Amino acid sequence: MKVSFIGLGNMGFPMAQNLLKAGYELIIFNRTPEKAESLMHQGARYAGTPLEAAKESDLVITMLSDDAALEEVVEGPNGILNGLPEKGIHISASTISVDLARKLSTAHAERKQYFVSATVLGRPDAAKAAKLRILLAGPEQARQRVIPVLAALGQEIFEIGDHGEEGNVVKIGVNFLIASMLEALSEAHLMVEKYGVEPARFMDVVNALFQSPVYQNYGAIMTEQRFEPAGFKMKLGLKDVELAIKAAQSVHTPLPLGQLIHNHFSVGMARGYGEMDWTALIRCLEHSSK
């Protein structure tokens, strides 16, 4: 089976690599072709444009950083919409806005194509190990067609609903919970440290109490200050918090914690932390406490 994959960043590259390992014939595109060379040596074929990639198969996966990048790849003159065949499926693995997910669902439906949201939970190490958790939403017929492909990328697939944007809402909600955890953990971390308690001892207690890989992994990064290279950049964390605030406003839901986290990430951006891991949120609080 042929699969096209567009977007070979920190997450996209290992995901594409796992599709090759699973035996899929892979067509790839990336805005910087140099990132594709390693996969080409492993058997992938490079397409000159997203349109060409879409023409090569009836299943296209995109893994891009934000709404603007995805819109360009889908709706541009050399975009997926113009290349994907009738009944072809566009799987968006990106964290995008609810509005864009709805817009793309409509645009694909007008071409008698399918839009499926398959946003992923996990950092690059989970992507490499094919241990992602995948939030799947879209028309049932399309969902059933893509499940075998997605199984090569993750350890668990959650079927959310029949509309693509439902998967994006859940992903935005989960990312907001992680950002909220980082805020709370940073505040507590700084407080106990100022009393002379070693952060590692504090995390021993936290991990024993919550027994969560999220606390364990992010807590270790924060305690050891392994902010570079970033598994998930602060600038993307800010983007996701903005998506949560916008989604909440659209349904008149208060999100006061979201505004607080947004302010702290904005401080980090102003201080040049945008390319650091979003666990560097603790540095934003350190500056605020001085």
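The legends below describe close-up views of a predicted model.

**View 1. The open sheet and its edges.** The sheet has 8 strands, is open and shows mixed pairing. Its strands follow the order E3-E2-E1-E4-E5-E6-E7-E8. Strand E3 (45–46) and strand E8 (154–161) are the edge strands. Each of these has a single partner strand, so one side of E3 and one side of E8 are left without a neighbour in the sheet.

**View 2. Pairing of strands E7 and E8.** Strand E7, residues 132–137, pairs with E8 in the parallel sense. The pairing of E7 and E8 extends over 6 bridges. Leu135 stands opposite Phe158, a residue of E8.

**View 3. Helix H1 on the sheet.** Helix H1, residues 12–21, packs on the sheet. H1 touches strand E1 (2–6), strand E2 (25–29), strand E4 (59–62), strand E6 (114–121) and E7. The direction of H1 makes about 170 degrees with that of E1.

**View 4. Helix H4 across three strands.** Helix H4 is formed by residues 67–75. H4 lies across E1, E4 and strand E5 (89–92). Relative to E5, helix H4 runs at about 170 degrees.

**View 5. The crossing of helices H5 and H8.** Helix H5 (residues 98–110) and helix H8 (residues 164–194) have axes that come within 8 Å. These axes cross at roughly 160 degrees, which makes H5 roughly antiparallel to H8, as the angle is over 145 degrees. The crossing of H5 and H8 is right-handed. On the H5 side, the contact is made by Val98, Ala101, Arg102 and Ser105. On the H8 side, Gly164, Glu165, Asn168, Val169 and Ile172 take part. The residues of the contact of H5 with H8 comprise 4 nonpolar, 3 polar and 2 charged.

**View 6. The surroundings of Asn168.** Asn168 belongs to helix H8 and is one of the residues that make the contact with H5. The relative accessible area of Asn168 is 1%, under the 20% limit, so the residue is buried. Leaving aside neighbours within four places in sequence, Asn168 is in contact with Ser94, Ile96, Ala101, Ser117 and Thr119. Ala101 is also among the H5 residues that make the contact with H8.

**View 7. Lys55 in helix H3.** Lys55 is found in helix H3, which spans residues 50–56. With a relative accessible area of 58%, over the 50% limit, Lys55 counts as exposed. Lys55 and Lys103 are 48 residues apart along the chain, and their C-alpha atoms are separated by 22 Å.

Conventions: Residues numbered from 1 in each chain as written. Predicted model: local features only at pLDDT ≥ 70, side-chain atom pairs only at ≥ 80, totals over all residues. Heavy atoms only, no water. Pairing = 2+ DSSP bridges. Helix = DSSP H or I, 4+ residues; strand = E, 2+ residues; numbered from the N terminus. Contact = heavy atoms within 4.5 Å. Axes fitted to C-alpha atoms, helices over the stretch in contact; angles between N-to-C directions. Buried < 20%, exposed > 50% of the residue type's maximum accessible area, 1.4 Å probe, protein only. Parallel < 35°, antiparallel > 145°, perpendicular 65-115°, else oblique. Left-handed = near helix turned anticlockwise from the far one by under 90°. Nonpolar A, V, L, I, M, F, W, Y, C, P; charged D, E, K, R; others polar.
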